[in-house]
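Me: I should like to go through the terms used for this model one at a time. For each, please set the value against its definition and then conclude.

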Amino acid sequence: MNQWTKRVGALAAMTVLIGSTVACGSSDNSGNNNTANTSNTSTAADNTASDSSNTNNSANTSANQPAAEPVKIRFAGWGDPSEKEVFTKLLKSFEEKNPNIKVEYLHIPDDYVGKMNTILAGGDAPDVFYVPDGDFGRWVSQDLLLPIDEYLSTSNIDTADMWESSLLRYRYDGAVTGKGNLYALPKDIGPTVLYYNKDIFTKMGVPFPSAENPMTFDELLDTAQKLTVKNGDKVTQYGMGPIWWEGFVFGNGGQFLSEDKKEFLLNSKEASDALQFAVDLAHKHNVVPDSRALKAMNDGQMFETGKLAMMIQGRWMVPTYRKLKFDWDVAPLPANGKWAGWSGSVGLGVYSKTKQKDAAYKLVEYLGGPEGQKEQSLMGFAIPSFKSMANTDVFLQPGQKPEHAEVFIKAAQNEVPGPWTNLPNAKWWDMLNQNLGPMWEGKRPAADLLNELKPKIDAAIKEGNPAIFK
């Protein structure tokens with residue numbers, strides 16, 4: 001899925017290893033938000049409905065009014081052929097329900113963020129587009145997204161029924177993300193979980209991981225060692241796949257930034273111990289493929305061909321893995337304590353310079369609302385943004401893999417947005433990842449390297465995000 005897939009690829013290279021609709025008041029080219037005025041007008045009409053004379057006059061007036069001019073909006077997103085098919089279907093349904101709005105679908109399957117950056121810089125972006133959570137801060141701080149709180153105030157969308165962690169990552173108060181106005185509705189939320197090959201576990205006599213309680217780090221190591229197979233010095237089957245290390249930091253009680261987001265905290269003992277554990281799984285215990293092994297075959301290929309017993313992934317892999325010939329299931333991410341980890345998300349945002357604000361929001365509301373969420377969930381690759389829908393057969397899909405789909409729900413409840421969403425300017429995050437190579441190669445202890453990086457990253461935080469220091 002885009003940002004997450006891009007992140008996973010980067011990690012593999014550098015580490016051991018990413019409805020309801022609301023009546024809008026105007027469909028003209030002004031793009032003004034007249035939703036509130038429309039609501040008041042409707043209420044006034046309802047109050048006079050008991051007067052038959054007024055009712056008749058109102059009907060005659062309405063009949064004599066010309067039909068609203070149709071408007072055209074553009075919508076951009078990415079996705080594999082199955083996702084493109086779902087959204088093509090959804091857009092057709094939206095147009096049938098809103099005959100005065102026509103939608104042009106711009107599907108960008110490759111390098112979505114790079115191409116959108118170029119489009120946005122040109123000043124003629126699509127009216128509605130996917131907003132990866134890792135790019136939200138940069139785009140919103142550049143005034144490229146429209147706040148949607150006023151529209152939501154008269155909408156039928158129940159934000160109280162949506163995952164709070166999915167909503168907060170699309171908020172911005174002018175200085176930091178996570179608070180302030182809402183600028184996008186979540187298209188989805190993608191918690192990360194542990195996938196495992198049940199056939200390998202059964203063959204090697206290893207108990208399945210619990211669906212209720214995360215394995216501790218020590219339990220993960222023990223399990224991975226039992227599932228790792230060697231032929232001489234060569235590993236022919238790895239017990240565990242590359243570590244998505246951010247979740248391990250959270251799982252060991254570590255944090256990336258201070259609560260006020262002004263200070264880098266990854267050099268704390270909790271965080272550096274988690275990183276060192278991730279490094280040792282590959283270089284000390286040899287239960288995780290290192291970068292050299294991953295050049296020959298990536299972790300996804302290893303898992304799909306039965307050469308990898310466990311790996312970390314998101315819900316988006318379910319449609320692909322349902323085609324596998326072996327049995328598999330999901331479990332919580334390992335953690336030394338309660339459930340923890342990070343979830344990814346993609347938002348649906350409105351271009352700040354659109355001339356069709358009402359129509360654009362109407363599409364966002366439809367795709368991010370119950371009908372759009374249902375269609376995506378039925379495909380198996382997304383968790384509905386609505387908690388009530390996630391706890392129904394629409395998402396759980398009994399009789400289909402994974403058997404313990406509820407793991408995704410509890411993960412969504414307990415996992416937080418990835419650290420790349422923490423600040424509008426992510427220079428600090430880029431600097432961190434660009435300097436972790438010696439640690440991932442086993443050449444520098446995690447604690448030493450992170451202590452060395454702290455003053456540099458603290459400076460990058462301040463330089464890139466001066467508003468939070470005022």
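**Terms and the values behind them**

Me: H4 passes H17 in a right-handed crossing. What makes a crossing right-handed?

Reply: The near helix must be turned clockwise from the far one by less than a right angle; if it is turned anticlockwise, the crossing is left-handed. H4 and H17 meet the clockwise condition, hence the label right-handed. Please note that this is a predicted model, in which local features need pLDDT of at least 70 and side-chain atom pairs count only at pLDDT 80 or more, while totals for chains, interfaces and linings use all residues. Residues are numbered from 1 along each chain as its sequence is written, and side-chain values use heavy atoms, with hydrogens and water left out.

Me: How are names such as H4 and H17 assigned?

Reply: Helices (H or I, at least four residues) and strands (E, at least two) are DSSP runs, numbered from the N terminus. H4 covers residues 81-97, and H17 covers residues 370-379.

Me: Why are H4 and H17 called roughly antiparallel?

Reply: Their axes come within 10 Å and cross at roughly 155°. Axes are lines fitted to C-alpha atoms, for helices over the stretch in contact, and angles run from 0 to 180 degrees between N-to-C directions. Angles under 35 degrees count as roughly parallel, over 145 as roughly antiparallel, 65 to 115 as roughly perpendicular and the rest as oblique. The value for this pair lies over 145, and H4 and H17 are therefore roughly antiparallel.

Me: Which residues make that contact, and how do they divide by class?

Reply: H4 contributes Ser-82, Glu-83, Val-86, Phe-87, Lys-89, Leu-90, Ser-93 and Lys-97, and H17 contributes Glu-371, Gly-372, Glu-375, Gln-376 and Met-379. Contact means heavy atoms within 4.5 Å. The residues divide into four nonpolar, four polar and five charged. In this scheme Ala, Val, Leu, Ile, Met, Phe, Trp, Tyr, Cys and Pro are nonpolar, Asp, Glu, Lys and Arg are charged, and the others, Gly among them, are polar. An α-helix has 3.6 residues a turn, so residues three or four places apart point the same way.

Me: H4 also packs against H16, at an angle of about 125°. What is that arrangement called, and why?

Reply: The angle falls in none of the named ranges, and that makes H4 oblique to H16. The axes are 11 Å apart, and this crossing is right-handed. The contact residues include Phe-87, Leu-90 and Phe-94 of H4, with Leu-363 and Tyr-366 among those of H16. By class there are eight nonpolar, one polar and two charged residues.

Me: How do you know whether Met-215 is buried or exposed?

Reply: Buried means under 20% relative accessible area, exposed over 50%, and partly exposed in between (1.4 Å probe, protein chains only). Met-215 has 10% relative accessibility and therefore counts as buried. Its place is in the loop between H9 and H10. Leaving aside neighbours within four places in sequence, its contacts include Leu-194, Met-310 and Pro-334.

Me: Asp-111 and Asp-143 also lie in loops. What makes each of them buried or exposed?

Reply: Asp-111 has 54% relative accessibility and Asp-143 has 55%. Each value is over 50%, so both count as exposed. Asp-111 also has a positive phi, near 50°, and phi of Asp-143 is about 60°, although Asp-143 is not a glycine.

Me: Why is S6 described as largely enclosed?

Reply: 14 of the 14 residues of S6 are buried, so the strand is largely enclosed by the rest of the structure.

Me: What makes S6 and S11 a pair of strands?

Reply: Two strands pair if DSSP finds at least two bridges between them. Seven bridges join S6 to S11, which run antiparallel, so the requirement is met. Within this pair, Ile-189 stands opposite Ser-345. S6 is also joined to S9 by five bridges and to S10 by four, both antiparallel.

Me: How does S3 stand against the requirement for pairing?

Reply: S1 and S3 pair in the parallel sense over two bridges, which meets the minimum. Five bridges join S3 to S11 in the antiparallel sense, with Tyr-130 opposite Leu-348. S3 is mostly covered, five of its five residues being buried.
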